[in-house]
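Here's a quick walk through a structure, written for someone who likes to check distances and angles. Open the viewer and follow along.

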Amino acid sequence: MQEDITFGVLEESVVAELRAQMRGELIQPGEEGYDEARKVYNGMIDRRPALIVYCADVADVMSAVNFARENDVLVAVRGGGHNGAGLSVVDGGLVIDLSQMKGIRVDPVTRTVRVDGGCVWNEVDHATHAFGLAVPCGFNSTTGVSGLTLGGGHGYLTRKYGLTIDSLISADLVLADGSFVTASEEENEDLFWAIRGGGGNFGVITSFLFRAHPVSTVYAGPTLWHMDQAADAMRFYRDFMANASEDMYGFFAFLKVPPGPPFPEELHTKTMCAVVWCYTGPAEEAEEAFRPVREFGPPAFELLGPMPLPALNSMFDPLIPPGLQWYWKGDFVNELSDEAIALHVEHGSKIPTLLPTMHMYPIDGAAHRVGKNDTAFSYREAKWSAVYAGIDPDPANKEAISAWAREYWEALHPYSAGGAYVNFMMEEGPERVRATYRENYDRLAAIKHRYDPNNFFRVNQNIEPAV
Ligand SMILES: Cc1cc2nc3c(=O)[nH]c(=O)nc-3n(C[C@H](O)[C@H](O)[C@H](O)COP(=O)(O)OP(=O)(O)OC[C@H]3O[C@@H](n4cnc5c(N)ncnc54)[C@H](O)[C@@H]3O)c2cc1C
């Protein structure tokens, strides 16, 4: 997507003009900190922007957008920098980095929280948890609020409170023409519809207003089973989740056990299957709620117990620090047939190095109560969002982890619903983006035409403006 674009050279005098307008810092090639500044979370991504601007406020974002438009410079927008395909950094272009925009304000009376576009989820968790509140987010707390929300956002609270976008009340944006607007059910409703799943196609979101929910301590953690129980465990999981209350959430995984505490030594580096649970029901009912899980076949290891939600949201952060190699593919899944389970066990058994993993995240429950045309996120009937993630610290293992993820995906894709979660895609081409949005695509393209007719924001899973 990025290779076929030519760039104007950034004249120093023009850059100086932007520098004079901005409160935040600008970094160009050759300047100190440039190599650090161009990094994103995925260590496989190695791009060299012509300019990186650290916006301090909305005024800086407006200046940066106007600068890029007037000088015909390609723009990438960076929230938390966690995009797998690296779509927040661009060769030869301008990176609008929001990481200095960190304002968060919780209103405990209305149970809402305003979050600036540069926040990551552990910052939101920290602010809301003090009030016994939470916004639905993902399973890793260093992920950016912006990118996750714009794609839809699923995680431990999805079955209970829906996707992250289902808790979005409004958002402030800087559009391609440099103007500032608010999108909500009352203002610019078409834009509000589009940003709830349509990604970064429509403007730079400078802040989000979320509804927060009364979640504080949850009963949560992983249970692990040996691979000879994997097919049975997956079948049990499928049937158990089909009848479980919306307080019960669990994502299924194949993984290798990390070689360290709290895992017992005899399990270290073993390939196993797991479910990572999160129960939001009454504490006194938790033991009973998990009785079937323990009865199915006592797990080889479990770490289930009460914990603050932010502890669960950050539990896996140390295992996946920034800079690892990532290659992943995803699919939405409606049914988990016995045939598909056999393929899962086959490919799950072949994890090539320590970190690659397959996760199946439930996206049913409350997320199903929103219609497939009510927001841009189309797959409202899907039960899971699956991701096949090749992950490794060593670039020498790039091919091995990518091949494993690709082959696993190829085997299971025929059993999928067709499209994939937009936040679990590499650069996979326009057909794959269309498959993700299905009949919502044409409406998205029309809204794109209205707000960004020249496709100024195109470093993303791109929706081309309708002609
Ligand atoms: C370890 C890990 C765990 C994850 N777990 C989950 C999970 O549990 N649930 C889930 O839903 N997703 C999950 N994801 C996927 C995640 O949602 C995406 O990677 C998402 O793109 C990250 O958002 P970001 O702001 O960090 O990314 P960035 O790389 O900064 O941006 C991603 C995209 O959004 C655009 N963008 C970013 N900020 C803005 C903005 N303010 N305005 C307009 N456009 C913007 C960018 O241009 C880019 O196209 C996970 C990712 C990782 C790496």
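## Helix α4 and what covers it

Among the elements that cover the buried residues of α4 are β5 (104-107), β6 (112-116), α5, β9 and α11 (309-313). Keep in mind that this is a predicted model. The helix itself spans residues 121-129, and its buried residues are Trp121, Val124, Asp125, Ala127 and Thr128. So that list holds an aspartate and a threonine as well as nonpolar residues.

Ala127 turns up again in the next section: Ala127 belongs to a core of 41 residues.

## Two nonpolar cores

In soluble globular proteins, nonpolar side chains tend to be buried together. Here the largest nonpolar core holds 88 residues, and the members that touch the most others are Tyr156, Met248, Phe252, Phe254, Trp277 and Met360. Which strand gives the most to this core? That would be β12 (residues 271-279), with eight residues.

There's also a second core, separate from the big one, with 41 residues. Its members include Ala127, Cys137, Ile195 and Phe202.

## The ligand and its shell

Now for the ligand. There are 34 residues around the ligand, and Gly79, Gly81, Ser88, His154 and Tyr421 come nearest. Sorted by type, the shell comes out at 15 nonpolar, 18 polar and one charged. If you're counting glycines, they go in the polar group here.

Three polar pairs are worth pulling up in the viewer. A ligand nitrogen sits 2.7 Å from a polar backbone atom of His154, and a ligand nitrogen is 3.0 Å from an N or O atom in the Ser146 side chain. On the oxygen side, a ligand oxygen lies 2.9 Å from a polar backbone atom of Gly144. How much of the ligand does the protein bury? Taken alone, the ligand exposes 950 Å², and the protein buries 98% of that. The elements that give two or more residues to the shell are β3 (75-78), α5 (145-151), β9 (204-211) and β15 (325-333). With four residues, α5 gives the most.

## Asn423, a buried side chain in a loop

Asn423 lies in the loop between α13 (398-412) and α14 (430-437). Buried or exposed? Asn423 counts as buried because its relative accessible area is 17%, and the cut-off for buried is under 20%.

What does the side chain of Asn423 find there? One of its polar atoms lies 3.1 Å from the backbone oxygen of Gly147, and a polar atom of the side chain is 3.4 Å from the backbone oxygen of Leu148. Leaving out residues up to four places away in sequence, Asn423 touches Gly147, Leu148, Gly151 and Trp328.

## Asp190 and its partner

Asp190 lies in helix α7 and is also buried, at 17% relative accessible area. Its side chain makes a polar contact of 2.8 Å with the side chain of Tyr451. Beyond residues up to four places away in sequence, Asp190 touches Ile447, Arg450 and Tyr451.

## Backbone oddities

Most residues other than glycine have a negative phi, and most peptide bonds are trans. With that in mind, have a look at Asn188, which has a positive phi of about 45° without being a glycine. Asn188 is in the loop between β8 (180-184) and α7 (189-195), and it counts as partly exposed because its relative accessibility is 24%. Arg438 also has a positive phi of about 45° and isn't a glycine. Its place is the loop between α14 and α15 (441-451), and at 25% relative accessibility Arg438 is partly exposed.

Then there's the peptide bond between Pro261 and Pro262, which is cis, with omega at about 10°. Pro262 is in the loop between β11 (248-256) and β12.

## One exposed aspartate

Where is Asp72? In the loop between α3 (58-70) and β3. Asp72 counts as exposed because its relative accessible area is 63%. Its C-alpha atom is separated by 9.4 Å from that of Gly93, and the two are 21 residues apart along the chain.

Note on methods: Residues numbered from 1 in each chain as written. Predicted model: local features only at pLDDT ≥ 70, side-chain atom pairs only at ≥ 80, totals over all residues. Heavy atoms only, no water. Core = buried A, V, L, I, M, F, W, Y, C linked by side-chain atoms within 4.5 Å. Buried < 20%, exposed > 50% of the residue type's maximum accessible area, 1.4 Å probe, protein only. Polar contact = N/O pair within 3.5 Å; in protein donor to acceptor, adjacent residues only side chain to side chain. Contact = heavy atoms within 4.5 Å. Near = heavy atom within 4 Å. Areas by Shrake-Rupley, 256 points an atom, 1.4 Å probe, with all protein chains shown as cover.
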